[in-house]
Amino acid sequence: MTATDTPPATVDAAPGRARGRRPRPRRGALLLAGLTAGLLLVALFAAGRGQVAIAPAEVLGSVLHRLGLDVGPRPAAPHGESALWLVRFPRVALAAVVGAALGCSGAVMQGVFGNPLAEPGVIGVSAGAALGAALAIVTGVTVLGGWTVPAAAFAGGLVTTWLVYALARSGGRTEVVTLVLTGVAVNAVAGAAIGLLMFVADESGVQAIAFWNLGSLAQASWSAVGLAAPCLAVGLVAALTDARRLDLLALGEPAARHLGVDVERLRVRMIVVTALLGAAAVAFTGIISFIGLVVPHLVRMVAGPGHRLLLPASALGGAIVVIAADLAARTLVDYQELPLGVLSAVVGGPAFFWLLRRTRDRAGGWA
């Protein structure tokens, strides 16, 4: 069976085609340009908001002066320059990296599983990272100083993902349904383990675990950005390298194999990519839900299902959403910061329900 033999209904659902037509390159370029511009605008606005108000023009002027260009005004507020470069810019940069990692990993997961409900949490990345962080907090290990908890979270995400894959693999193959169900089981066990650790921890440990699980960018720093950004770059490049194979996989496993795709190896590579992206994001911010689930859906409505455009667009969209969500989390209540993970769930839950109803109504119900 070849792509040309595929029935019209299947071709319409295949990546890179929308109602039998290939998406125009110009439309994709315009979408990426628009998202990039939107990301820069949101970043400039977010960097200027806070207890020390700085106008967007002054934020831009500060950046240009740092680049050696004597253009634009510098921040007029006292300590405005320090507030930007020591607090605001690291936070905005980390929010962009984390959002991009979550958006890209969600798009990869949905492509690999062929399931619109897939996200990094499905294969245990978030739960494993939370368990690793909780273990570091309760045991009081400080081998890496202030980096101990993020390192433990990163390792926990990778180990849990490997465990899910190892348990789901049978006879040299990994079935998607088995992988998802194994992920659900491992997530439940990890959640129970976290609850047990909170039970035996002292009051400060319980508060630290709870705060970490709620998600926050309060600990953002240039060092965190420097560690998370390479993980994002490697994961995004690896995913884009396999974008065409992900498109073929959407035709179904038999068709993809007939067209020369080693489905099992592709699935393993993409699971590793998802674990890298998800663990890098969760390690520095805690659990931020729904970004990897909702953002690829929203982008797919505009970009179509082709992964060459969907992956970078989802990364840009995720960065925009997390920066905007973090801005809301730290400015909605005066002198208080709302948990970012809670805010993303409050907004993302209804948004996903709307997407679910919309998809079901357009499909005429679920088969």
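Let's start at phenylalanine 290, which sits in the loop between helix 12 and helix 13; helices here are DSSP runs of H or I with at least four residues, numbered from the N terminus. Before going on, note that this is a predicted model, in which local features need pLDDT of at least 70 and side-chain atom pairs count only at pLDDT 80 or more, while totals for chains, interfaces and linings use all residues. Residues are numbered from 1 along each chain as its sequence is written, and side-chain values use heavy atoms, with hydrogens and water left out.

Back to phenylalanine 290: its phi is near 75°, a positive value in a residue other than glycine. For context, most residues other than glycine have a negative phi. With a relative accessible area of 23%, phenylalanine 290 is partly exposed (buried means under 20%, exposed over 50%, and partly exposed in between, using a 1.4 Å probe and protein chains only).

Step from that loop into helix 13, residues 291-303. At 1.5 Å a residue, its 13 residues should span 18 Å, and the end C-alpha atoms are 17 Å apart, which agrees; the expected span is 1.5 Å times one less than the number of residues. Buried residues in helix 13 include Ile291, Leu293, Pro296, His297 and Ala303. Just after the helix, glycine 304 takes a positive phi of about 85°.

Now go back the other way, to threonine 285 in helix 12, residues 263-285. Threonine 285 is buried, at a relative accessible area of 3%. What does threonine 285 touch, not counting residues up to four places away in sequence? The answer is Leu94, Val98, Trp212, Gly215, Ser216 and Leu217, where contact means heavy atoms within 4.5 Å.

Helix 4, residues 80-113, is worth a visit for its charged and aromatic side chains alike. Arginine 91 forms a salt bridge with aspartate 326, with the closest N and O atoms 2.8 Å apart (a salt bridge is a side-chain nitrogen of Lys or Arg within 4 Å of a carboxyl oxygen of Asp or Glu). Arginine 91 lies in helix 4 and aspartate 326 in helix 14 (residues 307-331), so the pair ties together parts that are 235 residues apart in sequence. Arginine 91 and aspartate 326 are both buried.

The structure also holds one aromatic pair. The ring centres of tryptophan 85 and phenylalanine 89 are 4.6 Å apart and the planes are at 70°, so the pair is edge-to-face; rings of Phe, Tyr and Trp (its six-membered ring) pair if their centres lie within 6.5 Å, and planes under 30 degrees apart count as stacked, over 60 as edge-to-face and the rest as tilted. Both residues lie in helix 4, four residues apart, or about one turn of the helix. Tryptophan 85 and phenylalanine 89 are buried as well.

How many salt bridges does the structure hold? There are 10. One of them joins arginine 245 and aspartate 242 at 2.7 Å, N to O. Arginine 245 is partly exposed at 35%, whereas aspartate 242 is buried at 4%. Salt bridges that share partners also join Arg91, Asp326, Arg330 and Glu337 into one network. Another salt bridge pairs glutamate 81 with arginine 74, the closest N and O atoms being 3.9 Å apart. Glutamate 81 is partly exposed at 22% relative accessibility, and arginine 74 is partly exposed at 46%.

Next comes helix 6, residues 148-168. Its 21 residues should span 30 Å at 1.5 Å a residue, and the end C-alpha atoms are 30 Å apart, which agrees. Among its buried residues are Val164 and Ala168. Leaving aside neighbours within four places in sequence, threonine 182 is in contact with Val164, Leu167 and Ala168. Threonine 182 is found in helix 7, residues 176-200, and counts as buried at 13% relative accessibility.

Finally, look at alanine 53, in the loop between helix 2 (25-48) and helix 3 (56-66). Alanine 53 is exposed, with a relative accessible area of 61%. Its C-alpha atom is separated by 8.2 Å from that of glycine 80, 27 residues apart along the chain. With neighbours within four places left aside, alanine 53 is in contact with Gly48 and Ala77.

Technical notes. Helix = DSSP H or I, 4+ residues; strand = E, 2+ residues; numbered from the N terminus.
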